[in-house]
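Q: Got a minute to go through this one with me? I'd like to start with the ligand.

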Amino acid sequence: MRDRLGRPLETLRVSITDRCNFRCVYCMPKEVFGREYAFLDRKELLSFEEIARVVGVFAGLGVRTVRLTGGEPLVRRDVERLVAQLASIPDLELALTTNGALLPQKAQALADAGLSRVTVSLDSVDDAQFRALNDVDFPVDRVLEGIDAAAAAGLPVKVNAVVKRGANDDGIVALAERFRGTGHVLRFIEYMDVGHTNGWRLDDVVPADEIVERIGAVWPLDPVDPESPDSTSLRWRYRDGKGEIGVIASVTKPFCGGCSRARLSAEGRLYTCLFALRGHDLRAPLRAGATDEELVETLRGVWTKRTDRYSELRTSDTAALPKVEMSYIGG
Ligand code: SAM
């Protein structure tokens, strides 16, 4: 099954909650996501059974990787029960993206339930800077403990760091130093224009080239061939053999041409682009008793009409258009 630009559907990102235990200043700022913010009601969320059913239908259409996200996926109660349900679907790689805060207590249960790997978002290894970024005064050591707990449970770990100029770009080299030689791949993510845009400006983006230059000046790097045409990250290897880094350069080197990802929101809306304004409601047909065949036809209809390539069209004008929140769609 291909979309209008010839792209297959391979990866599904599933947001399982719009709530988070952090208030990262660039993602869920307290001024917007305060006490009055109307998060989704429990009954509005897809149940684990509904998620597993939709994922099963997607798997039948060729999806090979499912990534659980949020909000913060580990704040959804009994998330390991969902992992176990999804792990019973054959030939599916099951990943999860987390801020790592609850990993110390959850990592083993997630691994036991059948999770394949984990990505931990960590934007700074400087405790004061990290506490200021997450804006709930959460200590960096606890996230590092979570990373260790995941590795000890046998889960391969990647670490993702969003870089925003003036907020944490002075910590790029320290992040690289912390994860060199640990076996965990560190990937930097260019800061994007999502959600409540919060005054996004191109100047806030530290381009991939600059990130690589800054690290390469300390530890020389060689480029590595991409894993697949769908790969989101540009890769470099430390010349001294201490592992590799990646950069997800959605802004300066967009990769829409290889994008084979769909996104399902916590309330069951299907988005074919991170920057889409509206999603296609799957919850209504699910709850109205649609058959698997009917769901397949709906998904096929949505995917085969897909033309999205926002990042390739981005300008300062499009950046100001309304967009879905990152905490809603899950990145
Ligand atoms: N809470 C989980 C986590 O921290 O990974 C999953 C959801 S979170 C929205 C997913 C990722 O989106 C995090 O790595 C976060 O830093 C990133 N993110 C949020 N806002 C972003 C932005 N404006 N540009 C780039 N990445 C962003």
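A: Sure. One term before we start: a polar contact is a pair of N or O atoms within 3.5 Å. Keep in mind that this is a predicted model.

Q: Okay. How far is the ligand oxygen from the side chain of serine 121?
A: An oxygen atom of the ligand sits 2.5 Å from an N or O atom in the serine 121 side chain.

Q: And which polar backbone atom does a ligand nitrogen approach, and at what distance?
A: One belonging to methionine 192, at 2.9 Å. The protein covers 93% of the 560 Å² of accessible area that the ligand has on its own.

Q: What about asparagine 99?
A: A polar backbone atom of asparagine 99 is 3.5 Å from a ligand oxygen.

Q: How many residues surround the ligand, and which are the closest?
A: 17 residues surround it. The closest are Tyr26, Gly71, Thr97, Ser121 and Met192.

Q: How does that shell divide into nonpolar, polar and charged?
A: 7 nonpolar, 8 polar and 2 charged.

Q: Switching topic. Where is serine 327?
A: In helix H12, which spans residues 326–329.

Q: Buried or exposed?
A: Serine 327 is buried, because its relative accessible area is 4% and the cut-off for buried is under 20%.

Q: What does serine 327 touch, beyond its neighbours within four places in sequence?
A: Thr17, Asp18, Cys27, Met28, Phe33, Gly70 and Gly71. Gly71 is also listed among the closest residues to the ligand.

Q: And how far is serine 327 from serine 15?
A: They are 312 residues apart in sequence, and 8.7 Å apart in space, C-alpha to C-alpha.

Notes
Residues numbered from 1 in each chain as written. Predicted model: local features only at pLDDT ≥ 70, side-chain atom pairs only at ≥ 80, totals over all residues. Heavy atoms only, no water. Near = heavy atom within 4 Å. Polar contact = N/O pair within 3.5 Å; in protein donor to acceptor, adjacent residues only side chain to side chain. Areas by Shrake-Rupley, 256 points an atom, 1.4 Å probe, with all protein chains shown as cover. Nonpolar A, V, L, I, M, F, W, Y, C, P; charged D, E, K, R; others polar. Helix = DSSP H or I, 4+ residues; strand = E, 2+ residues; numbered from the N terminus. Buried < 20%, exposed > 50% of the residue type's maximum accessible area, 1.4 Å probe, protein only. Contact = heavy atoms within 4.5 Å.
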